[in-house]
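Work through the following exercises with the sequence and the model side by side. Each task is followed by a solution that goes step by step.

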Amino acid sequence: MKRALISVSDKTGLVDFAKGLEKAGYEIISTGGTRKALDAAGVKTISISDVTGFPEIMDGRVKTLHPKVHGALLCVRDNPEHVKALNDLEIDNIDLVCVNLYPFKETVQKEGVSHAEIIENIDIGGPSMLRSASKNYRFIPVLCDPADYAKVLAEIEENGETSEETREHLAAKVFRHTARYDSMIADYLTKKTGEKYPESMTITFDKVQDLRYGENPHQSAAFYKGMNPKYSLANAKQLHGKELSYNNIQDGNAAIEVLKDFDGQFAAVGLKHMNPCGVGIGSSINEAWDKAYDADPVSIFGGIVALNDAVDAELAEKLSKIFLEIIIAPGFTQEALDILMQKKNIRLLELDTTLAPNNILKYTNVNDGLLVQDMDVHHTTKEDLECVTKRVPTEEEIEQLLFGWNIVKHVKSNAIVLVKDNQTVGVGAGQMNRVGAARIAIEQAGEKAKGSVMASDAFFPMPDTVEEAVKAGVTAIIQPGGSIKDKLSIEECDKHGIAMVFTGTRHFKH
């Protein structure tokens, strides 16, 4: 008679799977809570202690770490010496392993959980059994995911055993499973010890969905989420519309990144191709949207909208008149949904965009490499500003300068943003020189450039950007400062009565 060893924390489908194995002629070896659940369901089990001849000790910390378990799992069955050793030591085969692990991730995320409880949820015996059996997948099917129960039972019922191809796929999944598990433990302990950039870094992500394609139709793609996806599209609830695309997710992420800098203010972001095309703040989310739309009603066509307050019927009517790919908001009234859902293809995503991001590191892949840095969450206040010109900006100008500064950090470098009356009026993004970015922003603003303020993500290497600002009628400028030629830009501002402040912090975005 064949024997299966079953020991699971996630008991989804457990009883039906065990009964299927029992029907196929398997004896069931089990441990602890799994055995109790199977016994209660009428499945006959053998205690692991009866197999090992040794009791479970240390509150169950040691029960399966025994030669009679791992000898059975690691025996190469077409190797006569292995088989002889097994027979000499009176070790019986184990022909199937079904194990999943202590809920470490769920434990870490529990409110008020103690370090001691987290440590107790580090599984040792489970990964050991999974790894031993998976190393020997030529002979033993190993399951760590209830989603595989039906396929394995079907093969056993049809053929009396699983195919080697299936066993190989299951083994690969097991090693991904244990690697993920070890990665979470390593991450927890690394953070606890305060190591930010350790000598090696293993991060783990879980698949959300396969995507229709990547940036372009000839590229395949999938979407994965990290371990704590609170301020992430991976945590969004899609209420309507077709599946998100690769570019939708990229743009949606960029849009909510802009929102995070407007805590306590009603803010609306229109975004296209990873750059904000219109941003507005107001006394209500409706006013904020009006400003964001008015900032660039051309570029928003086919774009992404992100809001930090719920969409009501009045706002939904406005949004429904434009072709948009996605609307992201912390909520939608039923009346708003009734209006917006009439548009078949628009994606409506519910996400708490008022949350602060909970991740502190940003990962960027390069060919066969990973760049890791702090998230750019630096916040500049009025007190941080250094006025370097003869004219000091007015209170109103300071308010607009800080508004522009919060936006320019999210525009691809080189970046120039013009703002006026709590809305963007011109955005120059991703240019190879700064004066080029300024000209684009000024051209887009047109007459609105007069009386606006300018924000630059990095310093001016030449006075030419200031010269363009003068011609456009800009009244104040915010920039990091730090160029060896700062004096030239300051003199140009003083010549024309423009106020300029330095932040001492740049915001390159590559």
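**Exercise 1. The two ends of a helix**

Which residue follows α5, and what is the sign of its phi?

Solution. The residue that follows α5 is glutamate 90, and its phi is positive, near 55°. Before going further, note that this is a predicted model, in which local features need pLDDT of at least 70 and side-chain atom pairs count only at pLDDT 80 or more, while totals for chains, interfaces and linings use all residues. Residues are numbered from 1 along each chain as its sequence is written, and side-chain values use heavy atoms, with hydrogens and water left out. Helices (H or I, at least four residues) and strands (E, at least two) are DSSP runs, numbered from the N terminus. Now turn to the start of helix α5, which spans residues 80-88. There, a side-chain oxygen of asparagine 79 comes to within 3.0 Å of the backbone nitrogen of glutamate 81.

**Exercise 2. Salt bridges within helices**

Find the salt-bridge partner of aspartate 88, and then examine the pairs that lie in α9 and α13.

Solution. Side chains of opposite charge can pair when their charged atoms come close. The rule used here asks for a side-chain nitrogen of Lys or Arg within 4 Å of a carboxyl oxygen of Asp or Glu, and by this rule the count comes to 27 salt bridges.

Step 1. Aspartate 88 pairs with lysine 84 at 2.7 Å, N to O. Because the two residues are four apart in helix α5, aspartate 88 and lysine 84 are separated by about one helical turn. Accessibility is classed as buried (under 20% relative accessible area), exposed (over 50%) or partly exposed (in between), with a 1.4 Å probe and protein chains only; aspartate 88, with 51%, is exposed.

Step 2. In helix α9 (residues 149-159), lysine 151 and glutamate 155 are likewise four residues apart, about one turn of the helix, and their side chains meet in a salt bridge of 3.3 Å, N to O. Lysine 151 is partly exposed at 46% relative accessibility, whereas glutamate 155, at 12%, counts as buried.

Step 3. Glutamate 314 and lysine 318, both in helix α13 (residues 313-320), have the four-residue separation of about one turn, and their salt bridge has an N to O distance of 3.8 Å. Glutamate 314 is partly exposed at 49%, and lysine 318 is partly exposed at 24%. Elsewhere, salt bridges that share partners join Asp145, Asp148 and Lys173 into one network.

**Exercise 3. The nonpolar cores**

Which members of the largest nonpolar core touch the most other members?

Solution. A nonpolar core is a set of buried Ala, Val, Leu, Ile, Met, Phe, Trp, Tyr and Cys residues joined through side-chain atoms within 4.5 Å. The largest has 44 residues, of which Phe262, Ile328 and Ile407 touch the most other members. Helix α15 (residues 395-408) gives the most to this core, with seven residues. A second, separate core of 30 residues includes Cys75, Ile91, Val99 and Leu101.

To follow one member outward, take contact to mean heavy atoms within 4.5 Å. Leaving aside neighbours within four places in sequence, isoleucine 328 is in contact with residues including Leu233, Ile256, Ile304, Leu349 and Leu351.

**Exercise 4. Two histidines**

Are histidine 70 and histidine 240 buried or exposed, and what surrounds them?

Solution. Histidine 70, in helix α4 (residues 67-74), is buried, with a relative accessible area of 15%. Its side chain makes a polar contact (a pair of N or O atoms within 3.5 Å; within protein, one must be able to donate a hydrogen and the other to accept it, and residues adjacent in sequence count only if both atoms are side-chain atoms) with the side chain of serine 132, at 2.9 Å. Not counting residues up to four places away in sequence, histidine 70 touches Thr64, Leu65, Ser128, Met129 and Ser132.

Histidine 240 lies in strand β8 (residues 237-240) and counts as buried at 17% relative accessibility. Beyond its neighbours within four places in sequence, its contacts include Leu340, Met341, Ile346 and Arg347.

**Exercise 5. A loop glycine**

Where is glycine 481 found, and how far is its C-alpha from that of proline 461?

Solution. Glycine 481 is found in the loop between β20 (476-479) and α18 (486-496), and is buried, with a relative accessible area of 14%. Although 20 residues apart in sequence, glycine 481 and proline 461 are 9.4 Å apart in space, C-alpha to C-alpha. Leaving aside neighbours within four places in sequence, glycine 481 is in contact with Phe459, Asp486 and Phe502.
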